[in-house]
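User: I am new to this structure and would like each descriptive term justified. Please set the values against the definitions.

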Amino acid sequence: MEHQIKTLYIITMLAILVFLGMQLYWLYGRYEYALNEYESDLSERIINCVDQYNAIREKKEERAFNTTVVNEKQDTLTIPTFSLQQEYGDSVKTTRKSKISTYVFSAYELLGIPEGTPLTYEQKMQAADLAQSRMDDPIDSMVFDSSGAKDENEAWIATKNVMTERRSPFTVKGIDSVLNKEKIKARIILEKVNRNEWKIRTDHNISLWSPCVSVSIPYSQLQGKIVNISSDINPLEILPGMWQILMVAVATSALLILCLIFQFSTVLKLSRLDKMRNSFITTMIHELKRPISTLKMCLSGLDNDRMMADREFKNEIIMESKTAIDNLSAYFSKLRDITFNNVEQIPLNIQVVNLHGLFDKVIKAAVIPSGKMVDFRNEIDKNLEISADQSHLFNIFSNLVENAIKYSGETVEIKFVATKSDEEVEISVLDTGIGIPSNEMKHIFKRFYRGKNFPGEQPGIGLGLAYVKLLIEAHGGEVKVESKEGKGTCFKINLPQ
């Protein structure tokens, strides 16, 4: 049985560990999925912030494509132009080129008015229209290969971004302000590569403890200018979105683990009960043998006429028989009382009892092993009387005296003290035995529990103190114990009156 229990214990622990491992693996998968979703959302927010910043930069231009811009002196007009050339060869591949040309005119010359004259808005627009009709020789031109664009619209947008970058450069401070408004803390790096960049690149660094998302966004594709934005993610920001899953997982795990532990503890209890039952049966048989053997011996003596002629021997045989029958009766009464579920079920025959005389009877009935010296001291007032069940009190104190004798050295002193008030009586049974260890104090009143601090096997089935407590509670009282190892033990019994 013990081998089977050990095997079951190992299997149960392995099952719990495997289950916890599976739960942790599943939770990590859910966390990884939630983290991936969070990173995708964060990368989209970063891209939107860059778009917002580009829109802000575009608004800083006074006019969009093919719009005349007047400088601060209001006498010079700069006109950018954009062209998209597409060349089709023998292959399907399309070659595109973006050209940016700049023309400069004097508004005063175009309008034919003296320089320094303040210009109205209408005059500026008129000058712009005249300038566009005279765009022959640009002051500078920039040509870019825009073949990497997927279509003409993307090529036009890339060309526009070059002009936006010239007039309103992309800055770390500018994009950082937009990110801060969206409550995104990030590391920003501006780079220029030796190629045209068209695609947005996102890198999800999925890590359990330090996740991070990095986004590389081109803001001037034809010039190879990109911005790298990296943002760390606090794992605690992911967990609130998983609280329902976490609660279900924790509750399920706790329930299954508790079920496994409960099942194993039940098996252990059944095993202990089986051991206690076997021990009880073995000890009960041993305890019953003594009075039965005594009765058999007495009956054999009664059959001998010559021995029965001796009156003294006859009286001794009769006394021994009565003692054996009393022991059997007391033993079966103890077994009967200990099986009651409630103390109220124990029948009581309340009467007036002289405590001093009762303890004298307990002393006379005590069995003292050979080689042991027991000093009884009955210090109870000879006139002290209480109301209680005399037979039960006799059994209570007989058990306490039997334990005091059993758990002691070669000599032991047992003392009885009692004090009575209007409401209760306190009875103390003190001994100078080996004492009770502190770690056993909470177990001594349990059924079938036997002390382990005495070498060798002691007779009994572990019901004595449980029986004492049961009978005291049946009287409505309580029992307390004080003990020191090597010094002795004191049982204090309080009975209401």
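User: What makes strands β13 and β15 a pair, and which way do they run?

Analyst: Strands β13 (residues 424-431) and β15 (residues 488-496) run antiparallel and are joined by eight bridges. Two strands pair if DSSP finds at least two bridges between them, so the eight bridges of β13 and β15 satisfy the definition. V425 has L495 of β15 as its bridge partner. The model is predicted: local features need pLDDT of at least 70, side-chain atom pairs count only at pLDDT 80 or more, and totals for chains, interfaces and linings use all residues. Residues are numbered from 1 along each chain as its sequence is written, and side-chain values use heavy atoms, with hydrogens and water left out.

User: How are the helices and strands named, and how many does the protein chain have?

Analyst: Helices (H or I, at least four residues) and strands (E, at least two) are DSSP runs, numbered from the N terminus. The protein chain has 11 helices and 15 strands.

User: Which strands form the sheet that holds β13 and β15, and what makes two of them edge strands?

Analyst: The open sheet has five strands in the order β10-β12-β13-β15-β14, with mixed pairing. Strands β10 (373-378) and β14 (478-484) are the edge strands, since each pairs on one side only. From one strand to the next, the twist averages 15 degrees. In general, the strands of a sheet pair through backbone hydrogen bonds, either parallel or antiparallel.

User: What does it mean that helix α9 runs at an angle to β10?

Analyst: Axes are lines fitted to C-alpha atoms, for helices over the stretch in contact, and angles run from 0 to 180 degrees between N-to-C directions. Helix α9 (residues 355-365) lies across β10, β12 (411-420) and β13, and runs at about 170 degrees to β10.

User: Why is H356 called buried?

Analyst: Buried means under 20% relative accessible area, exposed over 50%, and partly exposed in between (1.4 Å probe, protein chains only). H356 has 12% relative accessibility and therefore counts as buried. H356 is found in helix α9. Contact means heavy atoms within 4.5 Å; leaving out residues up to four places away in sequence, H356 touches N378, I380, D381, K382 and L384.

User: Where does K183 lie, and is K183 buried or exposed?

Analyst: K183 is in the loop between α5 and β5. Its relative accessible area is 75%, so K183 is exposed. K183 is not a glycine, yet has a positive phi of about 60 degrees.

User: What makes a set of residues a nonpolar core, and which residues touch the most other members of the largest one?

Analyst: A nonpolar core is a set of buried Ala, Val, Leu, Ile, Met, Phe, Trp, Tyr and Cys residues joined through side-chain atoms within 4.5 Å. The largest nonpolar core has 40 residues, of which L355, F397 and I414 touch the most other members. Residues up to four places away in sequence aside, F397 touches L358, F359, V362, I427, V429 and I493. A second, separate core has 23 residues, including I46, C49, I188 and I229.

User: How do you know that the length of helix α4 agrees with its number of residues?

Analyst: The expected span of a helix is 1.5 Å times one less than its number of residues. Helix α4 (residues 152-167) has 16 residues and should span 22 Å; its end C-alpha atoms are 23 Å apart, which agrees. Among the buried residues of α4 are A155, A158 and M163. Helix α4 lies across β7 and β8, at about 95 degrees to β7.

User: Which strands form the sheet that includes β7 and β8, and why is β7 described as mostly covered?

Analyst: The second open sheet to consider has four strands in the order β5-β8-β7-β6, with antiparallel pairing. Its edge strands are β5 (187-192) and β6, each pairing on one side only. Strand β7 (residues 212-220) is mostly covered, with eight of its nine residues buried. Eight bridges join β7 to strand β8 (residues 225-232), and V215 has I229 of β8 as its bridge partner. Strand β6 (residues 201-205) and β7 pair over five bridges.
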